[in-house]
Amino acid sequence: MNILRPLSPHLPIYKPQLTSTFSIFHRISGAFLATNVLFSYLLCLKIGLICFTYENFYQFLFYSSKLILISVEITALALSYHLYHGVRHLLTDFSGFLYCSLIILARKRWK
């Protein structure tokens, strides 16, 4: 038994495909959005829904730091990517193979 042999020799020669990259980012954005929904639910349980009626809460939430604004923008970006990729996935599934030619053209430009 050769100990110096690599455990998985196929990984260094693997070339990522465009559709697998889309799928990986779709899962990452979905996990990020699910985490945001869980966090906002826990925030509502902790503070209560009455805090959303106060103007001071909104001023603290949106105007207190730039980090909150950046996280809102990242959430909007993840939501839009997740939504558009879901629509693209539905078009690929239900349109036959009409949408595959666009993927092949994008793959040629992506190289």
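This passage walks through the predicted model, from the overall fold down to a pair of histidines in one helix.

Start with the big picture. The protein is built from four helices and has zero strands, so following the definition of these elements the order along the sequence reads simply α-α-α-α. Of its 111 residues, 10% count as buried. The protein exposes about 9,800 Å², and carbon and sulfur atoms supply 73% of that area. As for how the chain meets itself, take the contacts with a separation of 6 or more: residues 24 or more positions apart account for 68% of them.

The UniProt record, an unreviewed entry, has something to add here. Under "transmembrane region" it lists residues 24-45, 57-81 and 87-106. In the model, the span 24-45 is 100% helix and 0% strand, and its end C-alpha atoms lie 32 Å apart.

Helix H1 comes next. It covers residues 18-47. With 30 residues at 1.5 Å a residue, H1 should span 44 Å, and because its end C-alpha atoms are 43 Å apart, the expected and modelled spans agree. Some H1 residues are tucked away: Leu 18, Thr 21, Ser 29 and Leu 33 are buried. Other residues face out. Leu 38, which sits in H1, joins Tyr 41, Leu 42 and Leu 45 in a nonpolar patch on the surface. Together these four residues have about 440 Å² of accessible area. Just after H1, Gly 48 takes a positive phi of about 100 degrees.

Helix H3 can be checked in the same manner. H3 runs over residues 66-94. Its 29 residues should span 42 Å at 1.5 Å a residue, and the end C-alpha atoms are 42 Å apart, so the two values agree. Within H3, the buried residues are Ala 78, His 85 and Arg 88.

Two histidines of H3 deserve a closer look. His 82 is the residue that UniProt, again in an unreviewed entry, lists for "binding site". His 82 has its place in H3. Its relative accessible area is 25%, and because this lies between the 20% cut-off for buried and the 50% cut-off for exposed, His 82 counts as partly exposed. Leaving aside residues up to four places away in sequence, His 82 touches His 26, Ser 29, Gly 30 and Leu 33. Two of those partners, Ser 29 and Leu 33, have already come up as buried residues of H1.

His 85 is also found in H3. Here the relative accessible area is 8%, which is under 20%, so His 85 is buried. With the same residues left aside, His 85 touches Phe 22, Ser 23 and His 26. His 26 therefore turns up in the contact lists of both histidines, given that a contact means heavy atoms within 4.5 Å.

Ser 23 rounds off the picture. This serine is in H1, and it is partly exposed because its relative accessible area of 29% falls between 20% and 50%. Ser 23 and His 85 are 62 residues apart in sequence, while in space their C-alpha atoms are 8.5 Å apart. The contact between Ser 23 and His 85 thus links H1 with H3.

Methods:
Residues are numbered from 1 along each chain as its sequence is written. This is a predicted model: local features need pLDDT of at least 70, side-chain atom pairs count only at pLDDT 80 or more; totals for chains, interfaces and linings use all residues. Side-chain values use heavy atoms; hydrogens and water are left out. UniProt positions are given in the numbering used here, feature names are shortened, and annotations may be inferred rather than shown by experiment. Helices (H or I, at least four residues) and strands (E, at least two) are DSSP runs, numbered from the N terminus. Buried means under 20% relative accessible area, exposed over 50%, partly exposed in between (1.4 Å probe, protein chains only). Accessible areas come from the Shrake-Rupley method with a 1.4 Å probe; for residues, only the protein chains shown count as cover. The expected span of a helix is 1.5 Å times one less than its number of residues. Patches are made of residues with over 30% relative accessible area and no salt bridge: like charges are joined within 9 Å, nonpolar side chains (Val, Leu, Ile, Met, Phe, Trp, Tyr) within 5 Å. A salt bridge is a side-chain nitrogen of Lys or Arg within 4 Å of a carboxyl oxygen of Asp or Glu.
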